[in-house]
Amino acid sequence: MSIKNLLIEMKNLSELMVDLAYSAVLFNSKAAAEEVIELENKVNAMNYEIKKESLVAARSYEDAEKLTALLEIAEAAESIANAAKDLADLVITGFKPHPVFKMVMEESDKSIVRVTIDESSELANNTLGDLLLVNRTGMRVIAIRRGISWIYGPDKHTTLLANDTLILKGTEAGAELLEKLATGACSLDDIPEELDED
């Protein structure tokens with residue numbers, strides 16, 4: 001991976017980690033907290049790779065000066081990741097957030113869910129655009145884990161596959177629908193194309 005690609009990946013990871021970490025604390029989700037801790041290890045490894053690549057790439061004092069700015073960006077991304085991990089650690093150790101924290105967070109975040117797509121699910125082999133999950137369930141896919149790799153910021157062209165693990169954010173009712181869809185317990189025909197706001 002080039003330094004540029006490593007920095008892009010670190011940015012994507014640190015953004016996802018913050019989202020997951022706040023949601024983990026708010027909803028006491030150990031699953032989300034565990035994802036954050038796993039991702040933090042990856043960010044640390046990427047920062048280490050950037051340092052190595054920078055040392056190899058610097059052939060002059062001028063090169064080193066230019067690369068210093070990139071190293072500082074990587075350090076900042078790692079600091080964000082470390083802070084997200086600190087939040088996740090609170091959940092793992094059994095920390096219960098103060099009611100005021102819940103009130104503040106409920107203004108911005110609703111719910112987070114992690115589901116794995118079963119082979120019998122209608123979600124498999126369809127694009128997010130075709131599925132209209134946001135319209136139908138109020139849940140937005142923020143990341144997809146496929147094997148050992150991640151897809152961040154998936155768009156309407158992203159195809160979901162069997163055994164993909166989806167990280168979604170939205171309403172509790174939507175989370176329940178998504179879990180049923182992912183396991184094949186219900187079909188898309190059971191859910192209208194537009195979420196009933198009432």
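How many bridges join strand 3 to strand 4? In this predicted model, the number is 4, and the two strands run antiparallel. One of the links can be found by residue number: Arg-146 has Ser-149 in strand 4 as its bridge partner.

Strands 3 and 4 belong to an open sheet of 4 strands. Reading across the sheet, the order is 1-6-3-4, and the pairing is antiparallel. Strand 1, residues 111-116, and strand 4, residues 149-152, are the edge strands, since each of them pairs on one side only. On average, neighbouring strands in this sheet are turned by 20° against each other, with direction ignored.

A helix also belongs in this picture. Helix 7, made of residues 172-183, packs on the sheet. The strands touched by helix 7 are strand 1 and strand 6, the latter spanning 165-170. The direction of helix 7 makes about 0° with that of strand 1.

Next comes the largest pocket, which holds about 160 Å³ of space. Its lining includes Leu-128, Gly-129, Asn-135, Arg-140 and Lys-156. Three elements give two or more residues to this lining: helix 5 (128-131), helix 6 (133-137) and strand 3 (140-146). Helix 6 provides the largest share, with 3 residues. Strand 3 therefore appears twice in this account: it is joined to strand 4 by bridges, and it gives residues to the pocket lining.

What kinds of residues form the lining of the largest pocket? They divide into 7 nonpolar, 2 polar and 3 charged. Leu-132, Met-139, Pro-154 and Asp-155 are also among the lining residues.

Technical notes: Residues numbered from 1 in each chain as written. Predicted model: local features only at pLDDT ≥ 70, side-chain atom pairs only at ≥ 80, totals over all residues. Heavy atoms only, no water. 1 Å grid on protein atoms, 1.4 Å probe; cavity = no way out; pocket = protein on both sides within 12 Å on 5 of 7 lines; lining within 4 Å. Points joined across faces, edges and corners; volume = space filled by probe spheres on them. Nonpolar A, V, L, I, M, F, W, Y, C, P; charged D, E, K, R; others polar. Pairing = 2+ DSSP bridges. Axes fitted to C-alpha atoms, helices over the stretch in contact; angles between N-to-C directions. Contact = heavy atoms within 4.5 Å.
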